[in-house]
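Reader: Hello! I would like to talk through the domains and the empty spaces of this protein with you. Could you show it to me?

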Amino acid sequence: MNISFTKTACPKEKPDSSVLGFGKYFTDHMFMMDYTEGEGWHDARIVPFENLSIHPASTVLHYGSEIFEGLKAYRRKDGKVQLFRPIENIRRMNLSAERLCLPQIPEDIALQALTEFVKTEQDWTPSAEGTSLYLRPFMFGNDETLGVHAVHNATYIIIASPVGSYYKEGINPVKIMIEADDVRAVRGGTGMAKCGGNYAASNRAGKRAEEKGYSQVLWLDGVERKYIEEVGAMNVMFKINGEIVTPALSGSILSGITRKSIIELLNSEGYKVSERLLSIDELSAALENGTLEEAWGCGTAAVVSPIGELSYKDKVYTVSNGKIGELTQHLYDTLTGIQWGKIEDKFNWTVEL
Ligand SMILES: *Cc1c(COP(=O)(O)O)cnc(C)c1O
């Protein structure tokens with residue numbers, strides 16, 4: 001695939017790594033290509049980062065046909081830049097596309113787009129401890145009509161944002177509220193797809209949790225509101241009486257690449273990970289009788305996020321004395337070590353630019 005390149009006439013100044021935060025600054029360029037039914041993907045281009053021009057009747061603005069991905073480019077100590085399991089993001093994006101009736105992108109083309117774009121913007125990959133270049137590929141239905149139907153035209157874009165360390169003052173365990181009313185997804189719905197609509201539907205619970213001093217909500221299943229699903233934008237894992245448990249991918253849970261990597265890592269170290277149903281009753285009992293040893297969320301942004309407090313209805317429980325657990329710390333050190341190229345990548349997960 002030929003990707004045209006239009007260089008920006010006014011390169012921006014790169015922000016200092018101390019002010020980065022998450023998703024506040026964007027690089028000089030973006031990747032774009034368009035899809036037209038009958039013609040396929042066309043006009044692949046890297047162009048200056050700028051506002052989009054969209055028809056007011058565009059499908060995405062009315063019917064929410066949108067999917068996205070999130071992955072990072074990491075600057076290694078030797079100065080080289082590497083990606084972590086990008087092919088997994090590409091495959092998951094195609095699964096999301098299938099669910100939302102958006103066009104899929106052949107894997108080789110999607111990988112070429114990603115790597116050529118990151119090569120163009122690689123100078124934006126910060127090098128301070130814990131920082132990275134966050135990549136946000138996304139796709140939306142772009143038919144210029146109000147008729148409701150599967151889309152015939154779509155746009156695919158990749159933007160990039162240098163992001164700061166998730167943990168500025170060391171790893172602080174987070175406080176999580178178990179959501180008893182709203183649900184995020186149901187089996188047969190879009191929970192397994194990474195689509196904007198899932199986030200729109202979870203904002204209300206997230207806002208209520210924040211008002212009560214919690215950083216995110218833990219979702220229960222949408223049918224019985226009984227089984228643990230995942231945390232906000234992370235998958236979730238528990239160590240209960242020596243057993244490592246994570247909810248099975250039931251159709252309503254997003255299949256996280258961090259989740260998958262942790263399972264593979266633990267298996268390689270001789271741990272057994274049970275992917276199974278975990279009810280709120282079982283979890284409450286483990287919290288009550290002290291057999292819940294550790295709990296953590298996992299996702300690209302934080303990698304591993306220890307849970308220090310869980311609340312359900314009127315009860316508040318402390319986990320691991322509010323500190324990071326031993327296994328949680330080990331997982332954090334190992335995964336981030338591989339991502340930033342500090343420890344050997346036996347799994348072949350990283351892709352050097
Ligand atoms: C992206 C996401 C995750 C984490 O996936 P990773 O591939 O590990 O980043 C988990 N849950 C939801 C709802 C997500 O959108």
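Author: Here is the model, which is predicted, and your questions on its domains, pockets and cavities follow.

Reader: Thanks! How far apart are the centres of domain 1 and domain 2?

Author: Happy to start there. The chain is divided into domain 1, residues 4-163, and domain 2, residues 174-339. Taken over C-alpha atoms, the separation of their centres is 27 Å.

Reader: How much area do domain 1 and domain 2 bury between them?

Author: The size of an interface is often given as the accessible area lost when the parts come together. Here 18 residues of domain 1 are in contact with 21 residues of domain 2. Of the area buried between the two domains, 57% is on carbon and sulfur atoms, and the total is about 1800 Å².

Reader: Let's move to the pockets. Where does the largest pocket lie with respect to domain 1 and domain 2?

Author: The largest pocket has a volume of about 1000 Å³. Its lining has 49 residues, with Y199, Q216, A233, M234 and A301 nearest the centre. Because domain 1 and domain 2 both give residues to this lining, the largest pocket lies between them.

Reader: Which element gives the most to the lining of the largest pocket?

Author: Several elements supply at least two residues each, including strand 7 (132-141), strand 10 (216-220) and helix 5 (257-268). By class, the lining of the largest pocket holds 21 nonpolar, 18 polar and 10 charged residues. With eight residues, the element that gives the most is helix 4.

Reader: And the second largest pocket: which element provides the largest share of its lining?

Author: The second largest pocket holds about 280 Å³ of space, and among its 19 lining residues E129, G130, T131, W340 and K342 lie nearest the centre. Since both domains give residues to this lining, the second largest pocket also lies between domain 1 and domain 2. The largest share, four residues, comes from helix 7.

Reader: Now for enclosed space. Which element gives the largest share of the lining of the largest cavity?

Author: Rolling a probe the size of a water molecule over the atoms shows where empty space is left. The structure holds two cavities of 30 Å³ or more, and the largest has about 70 Å³ of space. Its lining draws at least three residues from each of domain 1 and domain 2. The largest share, three residues, comes from strand 5.

Reader: What is the volume of the second largest cavity?

Author: The residues that line the second largest cavity include E69, L71, A110 and Y156. By class, this lining has seven nonpolar, one polar and one charged residues, and its largest share, three residues, comes from helix 2. The volume of the second largest cavity is about 50 Å³.

Reader: Is A110 buried or exposed?

Author: A110 lies in helix 3, residues 107-121. Leaving out residues up to four places away in sequence, A110 touches I90 and I105. Its relative accessibility is 1%, which is under the 20% cut-off, so A110 counts as buried.

Reader: One more, on S320: is this residue buried or exposed?

Author: S320 sits in the loop between strand 17 (315-318) and helix 7 (326-339). Not counting residues up to four places away in sequence, S320 touches E293, E294 and G325. Its relative accessible area is 19%, and the cut-off is under 20%, so S320 is buried.

Definitions and conventions:
Residues are numbered from 1 along each chain as its sequence is written. This is a predicted model: local features need pLDDT of at least 70, side-chain atom pairs count only at pLDDT 80 or more; totals for chains, interfaces and linings use all residues. Side-chain values use heavy atoms; hydrogens and water are left out. Buried means under 20% relative accessible area, exposed over 50%, partly exposed in between (1.4 Å probe, protein chains only). Contact means heavy atoms within 4.5 Å. On a 1 Å grid over the protein atoms alone, a cavity is a set of points where a 1.4 Å probe fits but cannot get out, and a pocket is an open set with protein on both sides within 12 Å along at least five of seven lines; lining residues have an atom within 4 Å of a point. Grid points are joined across faces, edges and corners, and a volume is the space filled by probe spheres set on the points. Ala, Val, Leu, Ile, Met, Phe, Trp, Tyr, Cys and Pro count as nonpolar, Asp, Glu, Lys and Arg as charged, and the others, Gly among them, as polar. Domain bounds come from an automatic or database domain assignment. Buried area is the accessible area (1.4 Å probe) that two parts lose on being put together, summed over both.
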